[in-house]
Amino acid sequence: MRTCARWLGRGGLPLRSGLPLLLIPPFLLALQLLVVGPRLPRAARLGAEEEREGAVAFSVLSIEPVRDSRQRGSPSRRPDLDDDEEEEQVVDEGLTEEEGAYEDENEMLSRQVGPRALELQSWAADGPSFTAELNRVITFITRPQLNCSRTLSPGQTQASEPAADSPRWLLCAEDWLLPAGDTLCVAYSFSMDGGVSEFLNTVSALGCQVHSFDLSNSDASGRHLGNSLASNHGDGGVVRQHKMWLEWRAPRKRKHKRRSNLGTVSQTLADIMAALGHHTVHFLYADLLSAEWRVFQNWIESGTLQSVHHLVATVHLQWAGFEVGGTDEEVLRYWFSVLHGLQASGLKLIHSSAGEGLSVLKQTVPNAHSTYTLSWVNTRH
């Protein structure tokens with residue numbers, strides 16, 4: 001103390017003048033406690049008092065959930081997507097493992113028939129086998145999966161029991177599979193041969209709004225020809241032709257076209273329906289000259305088949321098809337995977353009609369034909 005006092009007296013501050021400066025920090029601390037202390041939460045004040053008494057201080061943490069600016073279950077946006085690629089994602093909330101096990105069967109079914117990636121089926125045998133793969137495909141497309149007590153066949157306008165002879169195609173005319181009386185009936189056809197005329201006559205007689213898509217320049221009398229996709233509501237029974245064809249490539253960034261005129265001659269079925277303002281196609285006929293496999297795949301993967309109630313399509317087996325490659329066994333396996341995908345999307349085969357020729361993938365086979373016209377009905381609409 002004497003040394004400190006001596007130092008203060010010599011070179012530092014005088015002892016008496018230094019005492020007020022030493023009292024400033026305690027004074028400011030006391031002033032802060034008097035002003036701020038009453039505004040602190042009770043827990044904080046208690047913590048401060050306990051700390052002064054030498055007790056252990058605890059930090060109080062908030063366990064309140066952080067409030068997100070987006071509502072739960074609302075559409076979320078991936079950061080790597082621009083406006084054209086924005087996707088809607090639905091979050092399943094509050095489902096425990098046990099609750100998920102008792103999920104409603106219809107809800108599970110609706111999820112299964114939505115957009116899906118084509119699932120490549122396993123080999124028919126232990127490994128690649130042309131005979132095994134071909135037999136599986138032919139069996140699948142020649143055995144009906146649903147029997148209809150009342151049908152419409154080519155040229156018929158009234159439903160009747162299935163005819164004894166085998167027509168080229170059939171439409172299942174069960175009441176629960178036909179459009180209701182107050183519903184707009186819509187029919188599409190995609191074909192570049194003359195075999196579609198009977199289909200057009202049948203659906204026209206049903207009073208459907210009919211759209212025929214054909215890249216050829218031929219125009220039957222009594223039909224309206226044009227490239228416009230403007231809808232013709234109220235023209236029931238009138239066939240409107242469009243010089244357009246089906247596309248199976250669907251770029252990721254392309255959005256569905258609004259209801260307008262599509263400038264190109266090739267569009268996906270979903271884009272065509274959107275442009276025409278149609279949510280459902282009740283009857284669809286397609287003879288796509290070997291493009292059907294890729295088109296079917298697009299319909300499966302995009303979920304478009306949910307909007308098609310009756311489908312009549314010709315499959316061609318002479319060669320692999322557009323943009324289909326691989327060995328013969330791989331092609332047959334791919335064909336079966338597409339057929340299986342159609343069934344998984346809700347289509348049931350009701351009729352099969354063999355065409356001419358006995359060539360499959362450029363090989364002559366005695367028990368198979370080069371083309372088959374298949375009639376399906378969607379039992380999940």
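**Exercise 1.** Place L289 in the chain and decide whether L289 is buried, partly exposed or exposed.

*Solution.* Start with the location. L289 sits in the loop between strand 9 (281-287) and helix 9 (292-302). Helices (H or I, at least four residues) and strands (E, at least two) are DSSP runs, numbered from the N terminus. The model is predicted: local features need pLDDT of at least 70, side-chain atom pairs count only at pLDDT 80 or more, and totals for chains, interfaces and linings use all residues. Residues are numbered from 1 along each chain as its sequence is written, and side-chain values use heavy atoms, leaving out hydrogens and water.

Next, take the accessibility. Buried means under 20% relative accessible area, exposed over 50%, partly exposed in between (1.4 Å probe, protein chains only). L289 has 40% relative accessibility, so L289 is partly exposed.

**Exercise 2.** Find how many disulfides there are, and describe the link of C148 and C172.

*Solution.* Apply the rule: a disulfide is a pair of cysteine sulfur atoms within 2.5 Å. The count is two disulfides. In one, the sulfur atoms of C148 and C172 are 2.0 Å apart. Now the handedness: at -110° about the S-S bond, this link is left-handed. C148 lies in the loop between helix 6 (130-142) and strand 1 (151-152), and C172 in strand 2 (residues 171-172), so the pair ties together parts 24 residues apart in sequence. Finally, C148 is buried at 11% relative accessible area, and C172 is buried at 1%.

**Exercise 3.** Work out the handedness of the disulfide of C185 and C208.

*Solution.* The sulfur atoms of C185 and C208 are 1.9 Å apart. The torsion about their S-S bond is about 55°, so this disulfide is right-handed. Both C185 and C208 are buried.
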